[in-house]
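User: Hello! I would like a close look at one part of this chain, with a connected account of what lies around it and beyond.

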Amino acid sequence: MNQVIIAVAVFLFTYALIISERVHRTVAALFGASIVLFLGIVPWERLPEYLDLGTLLLLIGMMIIVNTAKASGLFEFIAIKTAKFAKGSPMKVLILFSFVTALVSSVLDNVTTVLLLTPMLLYITRLMDVNPIPFLLAEIFASNIGGTATLIGDPPNIMIGSAAGLSFTEFLLNMGPIAAIDLAIALGIIYIAYRNEMKTSRAKRERILSTIERLREDEAIRDYALFKKSVTVIIGVVLLFFVHDRLEIPPAVVALTGASVLLMWSRMEPTEILEKIEWTAIFFFMGLFIIVGSLVETGVIDNVAQWLLGYVHTTGQALVMVTWFSAIASAVVDNIPLTAAMIPLIKSMGTSMDVYPLWWALSLGACLGGNGTAIGASANIVVLGIASREGVKITFMDFLKIGLVIMFTTVAAGMGLLWIRYIGV
């Protein structure tokens, strides 16, 4: 009983520290993990069972690829090309940047995507002399929605795929259509809310077009050889993700292979690339996995699942519960610790019902719930931070007004599609 109380206390204390942001979330997670390890609640010999190497190594592999490709100017090249396709129309810029953000987010992590595209988006909106806020909001929502579409698009999906043994293709077939519809819904809501900001006179539009046409995408490329090698490796990695389940190669091995090939081929200095890996995020994951492991080890997860099963009797009821609980919770707490806690819970529910649809419900809620508030997802915080440094203020309430509408609308649409597919009309 004492171990149960301690495990729950450590779990709640750690989450309280993460939400309060009084200490760095990685420090909070490692501190909690050290307590449950020191007290033997998670036995040392069972540690490898709880450390999800599939998630950790997949993240590390993709971070190496992105950091190497970034040095070539690849992402600036994409941004300028996108602006030129829009031909000076603010609405087209918003739609195309959102589409590109969602597409890039589906194969790279959200934070990396917005780190690369936000400065270019601010640059383009200044050239067009338009209010950057709807463009920044669209970028945030598109990155979270795009990340929902694939196994590697968002950390919660990586964790879910690793825990449930789901393939890249399964993710794309189940979550891809939902992401496409939700992106259209989000852009429609932004247009309704900011349609007056998108109107420009003919003369102003021609001036904008003239300015954008002067941008040279080829000058954004800093290293042509690295550019070609990066594009080749990224395409190869994405293609391998489509067939990894048929080849019986784990996604983490695909990412690590791509990373090592690009490092070997590009001859980039490995120290420089490895230093840019987000090690704080990796150690944050490790700490969380150990803390959640303590709840599994002491039987807390099983007991909560049994309690829930007293109220949830069918897969349909569980689908609704998992979707909305994870979405609303993700709007106020980090979706990574939430997913870490929900995974063993869903596994435990597998003793009495088909939990396959529940993995998609968890992905939907955990990824799109972050659109609800300014602190709901890491990408939100990063974009708002960059915008603030550039003099563009988006307050918590500004974000909340449109974020909640988009969150509830897109999650409801996604859940409706899951219901039709797995439960029936």
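Does arginine 267 count as buried or exposed?

Analyst: Arginine 267 counts as exposed, because its relative accessibility is 68% and the cut-off for that class is over 50%. Please keep in mind that this is a predicted model. Arginine 267 sits in the loop between α14 and α15 (270–275). Its backbone deserves a look as well: phi is positive, at about 60°, although arginine 267 is not a glycine.

The other end of α14 makes a nice companion to this. Glutamate 248 is found in the loop between α13 (224–243) and α14 (251–266), and it also has a positive phi, near 60°, in a residue other than glycine. Its relative accessible area is 72%, so glutamate 248 is exposed.

Now step along the chain from arginine 267 to what sits beside it in sequence. Ser266 and Met268 are among the residues touched by threonine 68. Threonine 68 belongs to helix α4 (residues 53–70) and counts as buried, because its relative accessibility is 0%. Its other contacts, leaving out residues up to four places away in sequence, are Leu226, Ser230, Leu262, Leu263 and Ile273.

From here we can follow α4 inwards. Met62, Ile124 and Phe241 are the residues with the most contacts inside the largest nonpolar core, a set of 151 residues. Helix α10 (residues 168–194) gives this core its largest share, 11 residues. Methionine 62 touches Phe241 directly, and it also reaches Val107, Leu108, Ile152, Val237 and Ala255, again not counting residues up to four places away in sequence.

How does this fit the whole chain? The protein chain has 22 helices and 0 strands. Buried residues account for 57% of its 425 residues. Among contacts between residues at least 6 apart in sequence, 82% join residues at least 24 apart. The radius of gyration is 22 Å, which agrees with a compact globule, because a globule with 425 residues would come near 22 Å. Along the principal axes, the C-alpha atoms fill a box of roughly 75 × 50 × 45 Å.

Valine 392 gives a clear example of a contact between parts far apart in sequence. Valine 392 and isoleucine 133 are separated by 259 residues in sequence, yet their C-alpha atoms are 7.5 Å apart in space. Valine 392 lies in the loop between α21 (378–389) and α22 (396–423). It is nevertheless buried, because its relative accessible area is 13%, below the 20% cut-off. Besides Ile133, valine 392 touches Leu122, Pro132, Leu136 and Ala387.

Charged side chains also join parts of the chain. Side chains of opposite charge can pair when their charged atoms come close. The model holds 7 salt bridges. One of them pairs arginine 46 with glutamate 297, with the closest N and O atoms 2.8 Å apart. Arginine 46 lies in the loop between α2 (25–38) and α3 (47–50) and glutamate 297 in helix α16 (residues 279–297), so this pair ties together parts that are 251 residues apart in sequence. Both ends are partly exposed: arginine 46 has a relative accessible area of 31% and glutamate 297 has 29%. The pair belongs to a network of salt bridges that also includes Glu49.

Lysine 84 and glutamate 217 form another salt bridge, their closest N and O atoms being 2.8 Å apart. This pair links helix α5 (residues 74–86), which holds lysine 84, to helix α12 (residues 217–220), which holds glutamate 217, across 133 residues. Here both partners are buried. Close by in sequence, aspartate 218 pairs with arginine 216, and their closest N and O atoms are 2.8 Å apart. Aspartate 218 is partly exposed at 28% relative accessibility, and arginine 216 is partly exposed at 44%.

Let us finish on the surface, where we began. The protein chain has an accessible surface of about 18100 Å², with 66% belonging to carbon and sulfur atoms. Ile6, Phe38 and Leu39 make a nonpolar surface patch of about 330 Å². Isoleucine 6 is part of helix α1 (residues 2–20) and counts as partly exposed, because its relative accessibility is 31%. Arginine 267, by contrast, counts as exposed at 68%.

Terms used
Residues are numbered from 1 along each chain as its sequence is written. This is a predicted model: local features need pLDDT of at least 70, side-chain atom pairs count only at pLDDT 80 or more; totals for chains, interfaces and linings use all residues. Side-chain values use heavy atoms; hydrogens and water are left out. Helices (H or I, at least four residues) and strands (E, at least two) are DSSP runs, numbered from the N terminus. Buried means under 20% relative accessible area, exposed over 50%, partly exposed in between (1.4 Å probe, protein chains only). Contact means heavy atoms within 4.5 Å. A nonpolar core is a set of buried Ala, Val, Leu, Ile, Met, Phe, Trp, Tyr and Cys residues joined through side-chain atoms within 4.5 Å. Patches are made of residues with over 30% relative accessible area and no salt bridge: like charges are joined within 9 Å, nonpolar side chains (Val, Leu, Ile, Met, Phe, Trp, Tyr) within 5 Å. Accessible areas come from the Shrake-Rupley method with a 1.4 Å probe; for residues, only the protein chains shown count as cover. A salt bridge is a side-chain nitrogen of Lys or Arg within 4 Å of a carboxyl oxygen of Asp or Glu. The radius of gyration is taken over C-alpha atoms; the globule rule is 2.2 Å times the number of residues to the power 0.38.
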